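Here are a few short exercises on charges and burial. Grab the model, work through each task, then check the solution below it.

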Amino acid sequence: DEGELQVLYQWLDEIPLSRPKRNIARDFSDGVLIAEVVHHFIPRLVELHNYPPASSATQKIANWATLNRRVFSKIGLTVPENVVKGLADMKPGVIDIVLSNLRVKLDAYLSHVERGEDPPLPPAKAPPPQRHAGPISKPVQSAPAGRREMPAAAPDPREILQAKDRSLLDYQETISMLETKLAKLEQLAALKDRRIDEITQRLRQAGIHV
């Protein structure tokens, strides 16, 4: 909402950046300022010379791909391809969600470092299941008498928020596609109406009333 965006922008204003922020969707579209944000908090993770300013969509996407591979993967953040395309295309609202998720990941990373703990790592991919010659059955072990099972850990609210943000991005992309199709249909309808008017006028000029 507007209050959360205001807090996010205030946080961003405290970070020295190489460009003034006039249009946030445009100014952050090439990933350069995002690299500077991470570099401000964790300088050793970011080599700024790897992120040249870009105006072409190809170079913008290349910068975001480098960020995903070299930086975001080390703080547990992933920006999907469809989101990267939205960022490069300067779609309103997309960068706000990415910045919000980035701030959460940076806070978690720095909190672990301050406590002297290892920074959180992204979850490892599960190994592929092994094939066996035959079915292997495992005995079912019941909990010892008098021992209660530990309840499942409550879901992390930040992970829930990030999942909602990803769903919102998917919805926004679907809406954008539908709006584009609707605009094309409206153009076709307008052309059709114009064509009908021209034919009707010609028929009237020829003395044929319709």
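For these exercises, a salt bridge is a side-chain nitrogen of Lys or Arg within 4 Å of a carboxyl oxygen of Asp or Glu. The model is a predicted one, where local features need pLDDT of at least 70, side-chain atom pairs count only at pLDDT 80 or more, and totals for chains, interfaces and linings use all residues. Residues are numbered from 1 along each chain as its sequence is written, and side-chain values use heavy atoms, with hydrogens and water left out.

**Exercise 1. Find the partner of K21 and sort both residues by exposure.**

Step 1: K21 forms a salt bridge with D13, at 3.5 Å from N to O.
Step 2: Get the burial classes straight: buried is under 20% relative accessible area, exposed is over 50%, and partly exposed is in between (1.4 Å probe, protein chains only).
Step 3: K21 has 32% relative accessibility, so it counts as partly exposed. D13 reaches 54%, so that one is exposed.

**Exercise 2. Work out where D30 and R19 sit along the chain.**

Step 1: Their side chains meet in a salt bridge, 2.7 Å from N to O.
Step 2: The pair links distant parts of the chain, 11 residues apart: D30 is in the loop between α2 (24-27) and α3 (32-41), while R19 is in the loop between α1 (2-13) and α2. Helices here are DSSP runs (H or I, at least four residues), and strands are E runs of at least two, numbered from the N terminus.
Step 3: D30 is buried at 2% relative accessibility, and R19 is partly exposed at 22%.

**Exercise 3. Is D27 buried or exposed?**

Step 1: D27 pairs with R26 in a salt bridge at 3.4 Å, N to O.
Step 2: With 8% relative accessibility, D27 is buried. R26, at 42%, is partly exposed.
Step 3: For the tally, the chain has 4 salt bridges by this rule.

**Exercise 4. Which residues gather in a patch of positive charge on the surface?**

Step 1: Set the rule: patch residues have over 30% relative accessible area and no salt bridge, and like charges are joined within 9 Å. Lys and Arg count as positive, with the charge placed at NZ of Lys and CZ of Arg.
Step 2: R44, R69, R70 and K74 make up the patch.
Step 3: K74 belongs to helix α4 (residues 57-75) and is partly exposed, at 42% relative accessible area.

**Exercise 5. How many helices and strands does the chain have?**

The chain has 7 helices and 0 strands.

Terms used
Patch = residues over 30% accessible without salt bridge, like charges linked within 9 Å, V, L, I, M, F, W, Y side chains within 5 Å. Areas by Shrake-Rupley, 256 points an atom, 1.4 Å probe, with all protein chains shown as cover.
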